[in-house]
Amino acid sequence: MSPSTPPSEAEIDAIVAAHMSMEGPMLPILHALQAAFGHVPQAAVPRIAQALNQTRAEVHGVVSFYHDFRDAPVTGRVVRLCRAEACQASGGAAVAEAVMQTFGIGWGESKGGVTLEPVYCLGLCACGPAAQVDGRLHGRVDAARIEALVAEGAA
Amino acid sequence: MKVYVPRDAAARALGADAVAEAVLREAAARGLTVDLVRNGSRGMVWLEPLLEVETEAGRTGFGPVSAADVPGLFDAAFGDHALALGDVEAIPFFAKQTRLTFARCGLIDPLSLAEYEAHGGLSGLRRALEMTPEALVAEVTDSGLRGRGGAGFPTGIKWDTVRKAEADQKYIVCNADEGDSGTFADRMIMEGDPFSLVEGMAIAGLATGSTRGFVYLRSEYPDAIEVMQEALRRARAAGVLGASVLGSGRAFDMEIRVGAGAYVCGEETSLLNSLEGKRGVVRAKPPLPALQGAFGKPTVVNNVISLATVPVILEKGAAQYRDFGLGRSRGTIPVQIAGNVKHGGLFETAFGMSLGTLVNEIGGGTASGRPVKAVQIGGPLGAYFPETLFDTPFGYEEFDGQGGLIGHAGVVIFDDTADMLAMARFAMEFCAVESCGKCTPCRIGAVRGVETIDRIGRGDASAVEVLTDLCDTMKDGSLCALGGFTPYPVMSALRHFPADFPVAKEAAE
């Protein structure tokens, strides 16, 4: 299932059905959809609502509440920089500034195959500033290291 | 030859995987047999990746090691080398600790149930299986253990409420949504000694008559999720979890639930809503989660460290645990020393050590070498302490008495380049981003707070009173700690660092 092909109803239903024996299956379903499609497709909302006997508004309310769930797949590299206090104490804000300058993007923006997202704590508070590039964690980063990591994966 | 390279997320973020690969590659090239163990972290993060070698004299450490150092370490036969640290447990940062909860973390292979048992694991659970629920709860109450997530509520009393509640189903929910900046103790124990949490939850189940458990684990911790999932599989296969815990005929099983990036879900009632598949909005209390928690059933909601400490309490007895500590803060606390610090990491110690000792002696001051300006204790909702409060002993009541809180025991150090007005503004900004929206003082107040601090920054003296009043409203008018405690960092910054708030300084003069 590549993120570029829109997921079919059958694919969505199979994922929903696989979680129906759980207590409180909503978040596990949403995570599974995102893992499969790179986002939670709009088309899944009525299917989940139907399966869980909820309104579409309720399901939409849940999906939109959580920072993790995307409404469209991301292409390219995802750089998440920690903005929390411990990383600020070790120079995180300056790293973020420099990364924004280099790639010409702000928080939540994408350009040239790079998306920059804020994250509030990766639990790497004694080796900050911390970053997560395409899911992998990195400690004691500086702007040059982020650029190198982005270039590394793009090659 | 047995070589240890941590699989802890911090060690991996600093290159431990590359070191581990280099060890195997180098050993193969030299025709040596190496038994490589991916252990948890010893908590000395400034030395990560910390490679250890088992010798007759104990475990010798080298760190911080990069992959490029590995051939040299082999050349030196893991003896005399520039990165040699000697006996790992003799390193002062480690030797000065009282490791009860973290006794096995970094020592054993986290996923080896046999090593877990060889180091005291499961003896608490075995003892618990021979006790009545009343006696079990009494033991935990007697130990003086209080909620390590921040609220400090006595764990035994919470358990007793659930024990006495009558219901067809009760739950144990572990709050592993460790979102506070400066804290990583939950992550470290889940990655370094996951069975201690499994055992603690099983004991909680026996004590309260609960047969199902959930670990609500934040999505920002991919390594902890992976280790915990595997630990559950192994515990189930070994009969530690399941229909008959250790062959006792009593059932307990548990599963991992992954959060979705909402800080507020670290608040217990939001967490329960999220677990049930709803928006992570705070619930009003009462009803207490102990009576109507997950899926409306009686539920124990405890922090990871609280639960992971229960096995050692059962193993060694309540009195042994209670004998450590200060005042009403009994036992040990894993202090996480973070931010701009020379020797950052996890330091487990009996309650009572002064903040100044932790920052200057244990932490070694700032990494930048500049003077310490402020220390934030207890995460983004904790107060900023100036150096004048460094004699405050680490304890729940002691910090409360100084207008602060210990929270989850994260200590974040800032040097003199920190702008405390900017930190106060950030606290409000963070609250605005993460507010669940239920309480108006939090939802709207945080936005107004950012604007008001900007007015102060522009020199508007009248805004100081507005900010003070706004903080009082948030404190009194919010259901949970997000809105209720955001005033702590804001007001402590204003009170203790007036020089960073130009107009406050004028008003004071």
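Let's start with Ser368(B). This serine sits in the loop between helix H15 (355-362) and strand E14 (372-377) of chain B. Keep in mind that this is a predicted model.

Is Ser368(B) buried or exposed? Neither: its relative accessible area is 39%, so it counts as partly exposed, since buried means under 20% and exposed means over 50%. Beyond its neighbours within four places in sequence, Ser368(B) contacts Asn340(B) and Asp415(B). With Asp415(B) there is a side-chain to side-chain polar contact of 2.6 Å. Now look at Val341(B). It is 27 residues away along the chain, yet the C-alpha atoms of Ser368(B) and Val341(B) are 7.6 Å apart.

Next, move into strand E14 of chain B, where we find Gln376(B). Its relative accessibility is 1%, so Gln376(B) is buried, the cut-off being under 20%. What does its side chain reach? The backbone oxygen of Gly379(B), at 3.1 Å. Leaving out residues within four places in sequence, the contacts of Gln376(B) include Glu85(A) from the other chain letter, plus Tyr384(B), Val412(B), Phe414(B) and Pro489(B).

Last topic: the nonpolar cores. The largest has 157 residues. Those with the most contacts inside it are Leu33(A), Ile48(A), Tyr66(A), Trp159(B), Met190(B) and Leu217(B). Take Tyr66(A). Not counting residues up to four places away in sequence, it touches Leu27(A) in chain A. It also touches chain B residues, among them Tyr216(B), Ala260(B), Cys265(B) and Arg279(B). A second, separate core has 34 residues, including Phe347(B), Phe351(B) and Leu355(B). Val341(B) belongs to that second core too.

How values were computed
Residues are numbered from 1 along each chain as its sequence is written. Chains are lettered from A and ligands numbered from 1 in the order in which they are written. This is a predicted model: local features need pLDDT of at least 70, side-chain atom pairs count only at pLDDT 80 or more; totals for chains, interfaces and linings use all residues. Side-chain values use heavy atoms; hydrogens and water are left out. Helices (H or I, at least four residues) and strands (E, at least two) are DSSP runs, numbered from the N terminus. Buried means under 20% relative accessible area, exposed over 50%, partly exposed in between (1.4 Å probe, protein chains only). Contact means heavy atoms within 4.5 Å. A polar contact is a pair of N or O atoms within 3.5 Å; within protein, one must be able to donate a hydrogen and the other to accept it, and residues adjacent in sequence count only if both atoms are side-chain atoms. A nonpolar core is a set of buried Ala, Val, Leu, Ile, Met, Phe, Trp, Tyr and Cys residues joined through side-chain atoms within 4.5 Å.
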